[in-house]
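Trainee: Could you take me through a close look at one part of this model, beginning with a single residue and its surroundings, and then carry on from there to the other places that deserve attention?

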Amino acid sequence: MSEVRLHDYHPSSASLMQEVLAGLAATPKVLPPKLFYDQHGAQLFERICEQSEYYPTRTEIAILERHAEEIADLAGRGACLLELGSGAGVKVRLLLEHLRPKMYVPIDISRAQLRASADAMAQDYDWLEVHPVCADYCRSLHLDFIPDDERRLVYFPGSTLGNFEPGEARAFLENLRGLTGEEGALLISIDLKKDPKRIDAAYNDKAGVTAAFNLNILGRLQRDLGAEVDPAGFRHQAFYNSQAGRVEMHLVSRGLQTIKVDGQRFQLEEGESIHTENSYKYSIEEFRDLARRAGYRSLRVWTDSDHLFSVHLLQPA
Ligand code: AVI
C-alpha cells in the first residue's frame, strides 16, 4: 500500500467569514452551499443519498454499474483520474477496476471525510497511487505533483454542477479544460428535468434528513465562525422552481430575530428566508448545449430507462 499524504488547501475561516458576511448583508440573504460540508454535513449528505426519495445517487450508481466497461473503453485506461467533490468515494469505486488509473486524485472540501476515504481507497486498491487534495475546487488547484505528460480524466459526479448558476457552470466547465488538457476528458453527471413532484420529494424526505442538512449550515456558523444564531428559529424549505429549472433550498425565519457574526448584526423578519442552495436540472440537450458553449464535444451520454439522470463523457473540442 502506498503512503497517503494529504495536500491541504482548505479555505481559511477568514475567507469563509467574508463570504458569510457578504451573503447575510445581501438582499435576499444567501449563504454559500459549500458551507454544508463540514464533517457533520458530509455525514448528513451521505444519509440523504440513502433516502428512498433521493433518486439521483442510486440512479447514477446504476448507470455506472451498467456501463463502466464502455465508459473505460471511451475515456481511456491508465490516465490520472481526478475526482471533484469525491465525498465518500462510493461511485468512483465502480470505475476504478475498469479505468485502472495510474493515479487517483480525490479533491474535496470536507477534510475528515477525504482523509478517511483516501486511506480506505489506498488500502483496498494496493496498485493505486492516491493523492487526496483538500480544497475548494472552484479556486485554483495546486496539482504540481501530477507529471505534465500524464493524460487526465476528470470525474465530476453527483450532478454537483447543478449547484452552480448556469453562467458560472459554463465558466467552470471552460476552466476545467485547463485541468483535463487537450488530450484528456471529462466524465460528468447531471440530474435531468422530470416531474416536479418527484424532484420536490427528493429534497423534502420524510425522515427530515435534508432539513437537518440545510439547518446544519447554521450550526456551522455557530461552531466555526462563533455566530450567535438559533437554528430552532428556522425551518427548512425546498421546492422546484419550474420557470428557472432549479430546486431552491431556503431557511425560513420563524419569527423576528437577529444573527450576530463577527460583531455584525443581521435582522430577519418573520417569514424572511436565507437562500442556501440552487440545484439546476437540465435536459440532455440543454446540458450538451452548455458543454458545447464551454468548448467540449460530447463523446457519449448514458442514462437510465426512466430518464431521471445522465452521465456524459466530454472531450475538449
Ligand atoms: C451535491 N448536490 C448535487 C446535491 C443536490 O442534489 O443538489 C446537494 C443536495 N442538497 C439537498 N439534497 C442534496
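**From one helix end to the helix packings**

Mentor: Asp124 is placed in helix H5, which covers residues 111-124, and since this is a predicted model, what follows describes computed geometry. With a relative accessibility of 47%, Asp124 counts as partly exposed, because that class lies between the buried limit of under 20% and the exposed limit of over 50%. The side chain of Asp124 is joined to the side chain of Arg93 by a polar contact of 2.8 Å. Along the chain Asp124 and Arg93 stand 31 residues apart, while their C-alpha atoms are separated by 9.8 Å.

A buried charged residue offers a second place to look. Lys29 belongs to strand S2, made of residues 29-30, and its relative accessibility of 9% is why Lys29 counts as buried, the limit being under 20%. The side chain of Lys29 reaches the backbone oxygen of Gln267 at a distance of 3.3 Å. Once neighbours within four places in sequence are set aside, the residues in contact with Lys29 are Gly23 and Leu24, then Phe266, Gln267 and Leu268, and finally Glu272, Ser273, Ile274 and His275. Just ahead of this strand, the peptide bond from Thr27 to Pro28 is cis, with omega near -10°, and Pro28 itself is found in the loop between H1 and S2. Such a bond is worth a second look because most peptide bonds are trans, just as most residues other than glycine have a negative phi.

Two residues depart from that phi pattern. Asp262 has a phi near 50°, a positive value in a residue that is not glycine, and its place is in the loop that links strand S11 (257-261) to strand S12 (264-268). Asp262 has 49% relative accessibility and therefore counts as partly exposed. His307 likewise has a positive phi, of about 55°, although it is not a glycine, and His307 lies in the loop between strand S14 (296-303) and strand S15 (309-316). At 47% relative accessibility, His307 also counts as partly exposed.

The packing of helices completes the picture. Helix H1 (residues 13-25) packs with helix H8 (residues 209-225) at an angle of about 135°, their axes being 11 Å apart, and this angle is why H1 counts as oblique to H8. The crossing of H1 and H8 is left-handed. On the H1 side the contact is made by Ser13, Leu16, Met17 and Val20, and on the H8 side by Arg220, Leu221 and Leu225. By class, the residues of this contact between H1 and H8 divide into five nonpolar, one polar and one charged.

A further helix pair is formed by helix H6 (residues 166-180) and helix H9 (residues 284-293), whose axes come within 8 Å and cross at roughly 50°, so that H6 is oblique to H9. The crossing of H6 and H9 is right-handed. From H6 the contact draws on Pro166, Ala169, Arg170, Leu173 and Glu174, and from H9 on Phe287, Leu290, Ala291 and Arg293. The residues of this contact of H6 with H9 divide into six nonpolar, no polar and three charged.

How values were computed. Residues are numbered from 1 along each chain as its sequence is written. This is a predicted model: local features need pLDDT of at least 70, side-chain atom pairs count only at pLDDT 80 or more; totals for chains, interfaces and linings use all residues. Side-chain values use heavy atoms; hydrogens and water are left out. Helices (H or I, at least four residues) and strands (E, at least two) are DSSP runs, numbered from the N terminus. Buried means under 20% relative accessible area, exposed over 50%, partly exposed in between (1.4 Å probe, protein chains only). A polar contact is a pair of N or O atoms within 3.5 Å; within protein, one must be able to donate a hydrogen and the other to accept it, and residues adjacent in sequence count only if both atoms are side-chain atoms. Contact means heavy atoms within 4.5 Å. Axes are lines fitted to C-alpha atoms, for helices over the stretch in contact, and angles run from 0 to 180 degrees between N-to-C directions. Angles under 35 degrees count as roughly parallel, over 145 as roughly antiparallel, 65 to 115 as roughly perpendicular and the rest as oblique. A crossing is left-handed if the near helix is turned anticlockwise from the far one by less than a right angle, and right-handed if clockwise. Ala, Val, Leu, Ile, Met, Phe, Trp, Tyr, Cys and Pro count as nonpolar, Asp, Glu, Lys and Arg as charged, and the others, Gly among them, as polar.
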